[in-house]
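Trainee: I am new to this structure and should like to understand how its descriptions are justified. May I put some questions to you?

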Amino acid sequence: METLLVVIFVVGYLAITLEHNLKIDKLIPALAMMAIMWALMTFGLDGFTTWFDSGEHALLENFAAFGHEEKLHLLEETLLHHLGKTSEILVFLLGAMTIVEIIDYFDGFATIKTFIKTRSKKKILWIFSFLAFILSAIIDNLTATIVLISILQKIIKDRETRLWFAGLIVIAANAGGAWSPIGDVTTTMLWIGNKVTTALLIEHLLVPSLVCMVIPSLIASFLPVFKGEIDVEDEEPSKSKFGATMLYLGLGAIIFVPIFKTITHLPPYVGMMLSLAIVATFAEIYSSSKFSISNVDGESDAASHHSPVHSALTKIELPSILFFLGILMAVAALESLGMLFNFAEGLKQGMPLMGTEMAGTKVSDLVILLLGIGSAVIDNVPLVAASLGMFSEPTNDQLWHFIAYSAGTGGSMLIIGSAAGVVAMGMEKIDFFWYLKKISWLALLGFIGGAICYMLMRNLF
């Protein structure tokens, strides 16, 4: 039965990876394999000899001696436990996505365009790189990429030049998302899973992530494509006079979440719901008939009379939420049978070189680097989900910080390796092989440079 479960997971995983070839949205195989795996576990419950206690992070003793009803009760409790942990991530993401959509409702991100006063391609490259690095740490790398490429399309007319900028934005956004607990889905998973804390995550990964962004941008600034100046298009007036206010309020509300968690010790999604409530309150006030939104002609926009919260909720990426539900619960099935735990023990014993002492065992740096490279080929969410079940190192162990860096930045090496890359690919119709030829080597150099920086800091300090 264990072999059948692994086969189903591998097949589902391949279907997720090849979604563009199969023309099937990745949420479908993710949800299907989750449901099938847990159903098979129910039918074959009496044949399992091991069970993994997620609370204690250890194999349950004498599981084989349990009766059928006792095993069934344990399975239901385990399923509920994993659903609760997964829901914490999903509710958190729903809150963050809604705040971002409310900002966009008021055209708040147009404010960022006012920061760009130069026509020099090289200077614009650095402005966008740092904007992506900082913005992705606050509103996540996917949203930061969408916002900045949208602005890029209004500033740069030449498509070939714009593709280069888009490629560097992807690298910078992924690097920026790695050092923030709310900057990338995988980092958020580690944070909510109590594997890393905000302060130490920033302390250990800010500099390596910055190196990962600076190296590609620095090399690219000497390339011919970034020589000279651009023709700047005329600026369009903002659709709302409250755009800047909602931008700063929304970003401040998201930044408040880690502070709320530190003060109250409550799960992050509680703070995110409070932040959403505050932002939504101001949004409702500003969108009322007294504070109507005006279009570029100064006329009242009909959409302004609808609730901005309702409008934002209709734009939420529910397919992504369902995909995370499916993949996290599928990985939880493998974890519950102890498969990930046993696999991790094999890695620790089989690849001890280049490792660092962690909780009495050794985990190879090479394993973590391969995880980062692997995240460029396949989705980094299941890779990190698997690592959560594989390793039992304590909170803020060096292992978790290195995993956060590798999984967060490794996806930049291929256009399909990260959510930021995929959305850039769709917005600018970037060819896979164009990115592989022009951008991938820059991303690889940045990834290696940041990894070396992290290991040097770890060993020196």
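Trainee: How much accessible surface does the protein chain have, and what percentage of it belongs to carbon and sulfur atoms?

Mentor: In this predicted model, the accessible surface of the protein chain comes to about 19,800 Å², and 66% of it belongs to carbon and sulfur atoms. The chain has 461 residues, of which 54% count as buried. Its secondary structure consists of 20 helices and four strands.

Trainee: What makes Arg 162 and Glu 428 a salt bridge?

Mentor: The closest N and O atoms of Arg 162 and Glu 428 are 2.7 Å apart. The cut-off is 4 Å between a side-chain nitrogen of Lys or Arg and a carboxyl oxygen of Asp or Glu, so the pair of Arg 162 and Glu 428 qualifies. Arg 162 lies in helix H7 and Glu 428 in helix H18, 266 residues apart.

Trainee: Why is Arg 162 called buried?

Mentor: Its relative accessible area is 13%, and buried means under 20%; Arg 162 therefore counts as buried. Its partner Glu 428, at 3%, counts as buried by the same cut-off.

Trainee: Which other residues form a salt bridge, and how do you know that they do?

Mentor: Arg 458 and Asp 365 form one, with their closest N and O atoms 2.8 Å apart, which is within the 4 Å limit. Because Arg 458 lies in helix H20 and Asp 365 in helix H15, the pair ties together parts that are 93 residues apart in sequence. Arg 458 is buried at 11% relative accessibility, and Asp 365 is buried at 3%. A search of the whole structure finds two salt bridges.

Trainee: What is the nearest side chain of opposite charge to Lys 195, and why is there no salt bridge?

Mentor: The nearest such side chain is Glu 393, 7.7 Å away. A salt bridge requires a distance within 4 Å, so Lys 195 has none, although Lys 195 is buried. Lys 195 is placed in the loop between helix H8 and helix H9, and the residues it touches include Leu 388, Phe 391 and Trp 400.

Trainee: Why is Val 6 called partly exposed?

Mentor: Val 6 has 36% relative accessibility. Partly exposed covers the range between buried, under 20%, and exposed, over 50%, so Val 6 belongs there. Val 6 lies in helix H1 and is one of the residues of a nonpolar surface patch with about 570 Å² of accessible area together.

Key: Residues numbered from 1 in each chain as written. Predicted model: local features only at pLDDT ≥ 70, side-chain atom pairs only at ≥ 80, totals over all residues. Heavy atoms only, no water. Patch = residues over 30% accessible without salt bridge, like charges linked within 9 Å, V, L, I, M, F, W, Y side chains within 5 Å. Areas by Shrake-Rupley, 256 points an atom, 1.4 Å probe, with all protein chains shown as cover. Helix = DSSP H or I, 4+ residues; strand = E, 2+ residues; numbered from the N terminus. Buried < 20%, exposed > 50% of the residue type's maximum accessible area, 1.4 Å probe, protein only. Lys, Arg positive; Asp, Glu negative; His and termini not counted. Contact = heavy atoms within 4.5 Å. Lists of a residue's contacts leave out its neighbours within four places in sequence.
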